[in-house]
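Trainee: Could you take me closely through the open sheet and then through what lies around it? Please go strand by strand.

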Amino acid sequence: EVNTTMHGLKEAKKKLDQARIMQKHREVESNCEILLVWSEVAVLEKKIEEVKVKVNEKAPRAISNAEEKLKAAQEKHSLAVSEEKKRIEAITRFNSSANDMKESIAEKKADLKKLYRSQVTQEKALESVHKQMQETEMQEKAIMHALQETSDCHISSTQAIQDEHNHKISSLKDSIASVVEREREVTESIRVLQNERENAKFDVASHEEAVQLRRREIAETQNSMKNLEQSRDLVDAERFGRGYNLLLKKIEMNASSFHELPVGPIGLYLELTDPQWSIAVEAAVGKILGNFILHDEHDMQVLRNCARSANIRVPPAFISSFKRAQVKVTGKQVPRRFCTVANVLRCTNQNYSHVIWNMLIDQARVEGTVLVDDFQIGKQAIYERAAHPASRGFLRDGTLLEVKGRTQIRRKVLNQWARPQLSTAEVNVEEAKDRCASKISEITREISAMQKQCAAVKRQLKKLDGEISDLNIRLQDVSGERVVLESELQQKCTEMEEALDEAGVGAVGGHGGSQE
C-alpha cells in the first residue's frame, strides 16, 4: 500500500510539474504577444506622428489651393454669365434682322401685286389702242370711199371737198396722235416695270446674302459649342500623354524625395478664356502642353525613377529654378489692337504661375505670337509688320503666318480634325448648348421660310420677265402699225391733193361750157 501510495504521489508530482511547465510556457507566450502588440502600437504611433506632420505641412497648401480654385470657379461663372448674355443678345439681333427681312418680303409682295394690277391696266390700254386703230382704219376706208364717190360724182364745189377732206384728215391725225400718246404711256409703263423688276432682283440677292451670312454665323456658333463640349470632356492628364495619371500618382507618393514638387503637365494648369481660338492656340503651344517643369537635376532624376516605376517613357521636361521671378517683357510691345496667345490663356495654379509663364515665354513666345481672324488681317499684321515686334501669328484654323528674314511663310500646322487639348474656362455648357440649339433651330426655320419666299419671288420675277417681253413685242407691233398708218396718211393726203386738183380743173371746164 505504501509503495502504491508513493507511486501515485510520484505520478501526481510529475503531472504537477508538467502543469507548472505548461503554465510557464503560456505566460511566456502571452508576454511575447504583448511585446509584439506594443511594438506594433509603437510603429503605428510613429506613423501617426509622421502623418500628422505631413498633414500639418500640406493642409495650409491644400486649403489655399481650394480657396484659389473657388475664386477661379467664381470668375469662370461670371464669365459664363457674361458670355451667355452676349449670345442671347446676338440671337436677339438675329431675330430682329429676320423680322426685318419678313417685313421687306411682305412689302415686295405688295409691290408685285401692284405690278400685276398695272400690267392688267396696260393690257386693257393696249386693247383700247387696237380698237382705236381699227376705228381709224374704218375712218380711212370711209375717206377712201368718200374720195371715190367724189371722183365719180365730179362735185363742182372744190371748197366743200377740201373742207370735208380736211375734217377727215384732222380726225385721222388726232387718232394717230392718240395712238402715239398711248404708245408712249405703254413704253413708260414697261420702263417702270423693268425698274421695279431690277429692284426686286436686288432685294432677292440681298436676302440670299443675308441668309448665307446667318448660316455662317450658325456654323461658327456650332463649332464653338463643339469645342466647348470637347474641352469639357477632357478632364484628366491622359490627354497630354499616355500613362500620365499613373505618373502623377507616383510623383505624389514620392513627394518627399523632391526638392520642389514638379509642375506638369503644364496643360493641366492652363485654360482658354475664349473657345474660338482653341485650334490656333493648339497650333501655337500644343507641343509643350505635355511637358513638366523641374527645379533642378535632382528632381529630374527622381522624375525618371517615378516614370520607370510607372512603366512609361520619361516625359519631356524643362529645368527652371522655382525661385526665379516671373519674366517681365521689356521693350516694344505688340499693339493692343492685336490679340496674342498670352491674352487668351489663364493659369489656374497660382502658387507656380510664375514658373509656368516663364516657360511659356521662353519656349513658345506667347507674348509675341498674335491671333488673327482671317488672312487679310494676318497679312497686314505679320507680312506688313503692323504687329511688330511680333513675327508670327496664327489664323483660327491653325494656319501659321511667319516672317523669317525676307521669307514669308504660310503653313497649315494642324489638320481640320485636330482636337484641342486645353480646357475652356468653366461655363454652364449644357444650358448654353440647349439655348443655342433651340435658337439655331428657330433661325433655321426662319431661313427656310425666307428661302421659300425668295423662291416664290423668283418665280414671280420670271413670270414678270415673260410678260414684259410680251409687252415689248406688242409695243413693236403697235409702233409698226403706227408707222404704216402714218405712211398711209401721207399717201392719202397726196391722193386727196391730186383729187382736189382734178376736181378743180373739172369744175372750171364745166363752168366755161355753160357760159358758152
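Mentor: Start with the whole protein. It has 516 residues, and 34% of them count as buried. Keep in mind that this is a predicted model. The protein holds eight helices and ten strands. Take the contacts between residues at least 6 apart in sequence: 78% of them join residues at least 24 apart.

Now the sheet. It is open and has five strands. Their order is 4-6-7-8-9, and the pairing is mixed. Look at the two edges. Strand 4 (339–340) stands at one of them and strand 9 (407–412) at the other. Each has a single partner strand, so one side of each is left without a neighbour in the sheet.

Move inward to strand 6, residues 369–371, and strand 7, residues 392–394. These two run parallel, and three bridges join them. Find T369: its bridge partner in strand 7 is R392.

Next comes strand 8, residues 399–404. It runs antiparallel to strand 7, again with three bridges between the two. G393 stands opposite L401 of strand 8. Strand 7 and strand 8 form a hairpin with four residues between the strands. Stop at G398 there: its phi is positive, near 90°.

Go on from strand 8 to strand 9. They also run antiparallel, and six bridges join them. K404 stands opposite T407 in strand 9. This is a hairpin too, with two residues between the strands. In its turn, G405 has a positive phi of about 70°.

One general point helps when you look at any strand. In a regular strand, side chains alternate between the two faces of the sheet.

Next, look for charges over rings. The charged end of R410 sits over the ring of F375, 3.9 Å from its centre. R396 lies over the face of W277, at 5.3 Å from the ring centre.

Just after W277 in the numbering, you reach helix 4, residues 278–285. Is this helix mostly covered or mostly open? It is mostly covered: eight of its eight residues are buried. They are S278, I279, A280, V281, E282, A283, A284 and V285. Notice that E282 is on that list of buried residues.

Now turn to rings that meet rings. A pair of aromatic rings is described by the distance of the centres and the angle of the planes. With centres within 6.5 Å as the limit, the count comes to three aromatic pairs. One of them is Y244 with F292. The centres are 5.5 Å apart and the planes stand at 70°, so this pair is edge-to-face. Y244 lies in helix 3 (residues 244–253) and F292 in strand 2 (residues 292–294), so the pair ties together parts that are 48 residues apart in sequence. Both Y244 and F292 are buried.

Finish at D299. It lies in helix 5, residues 297–309. D299 is buried, yet it has no salt bridge. Which side chain of opposite charge is nearest to D299? It is K323, and it is 11 Å away. So what does D299 touch? Leave out residues up to four places away in sequence, and the contacts are F258, H259, E260 and L294. Compare the list with strand 2: L294 falls within its residues 292–294.

Terms used
Residues numbered from 1 in each chain as written. Predicted model: local features only at pLDDT ≥ 70, side-chain atom pairs only at ≥ 80, totals over all residues. Heavy atoms only, no water. Phe/Tyr/Trp six-rings, centres within 6.5 Å; stacked < 30°, edge-to-face > 60°. Buried < 20%, exposed > 50% of the residue type's maximum accessible area, 1.4 Å probe, protein only. Lys NZ or Arg CZ within 6 Å of the ring centre and 35° of its normal. Lys, Arg positive; Asp, Glu negative; His and termini not counted. Salt bridge = Lys/Arg side-chain N within 4 Å of Asp/Glu carboxyl O. Contact = heavy atoms within 4.5 Å. Pairing = 2+ DSSP bridges.
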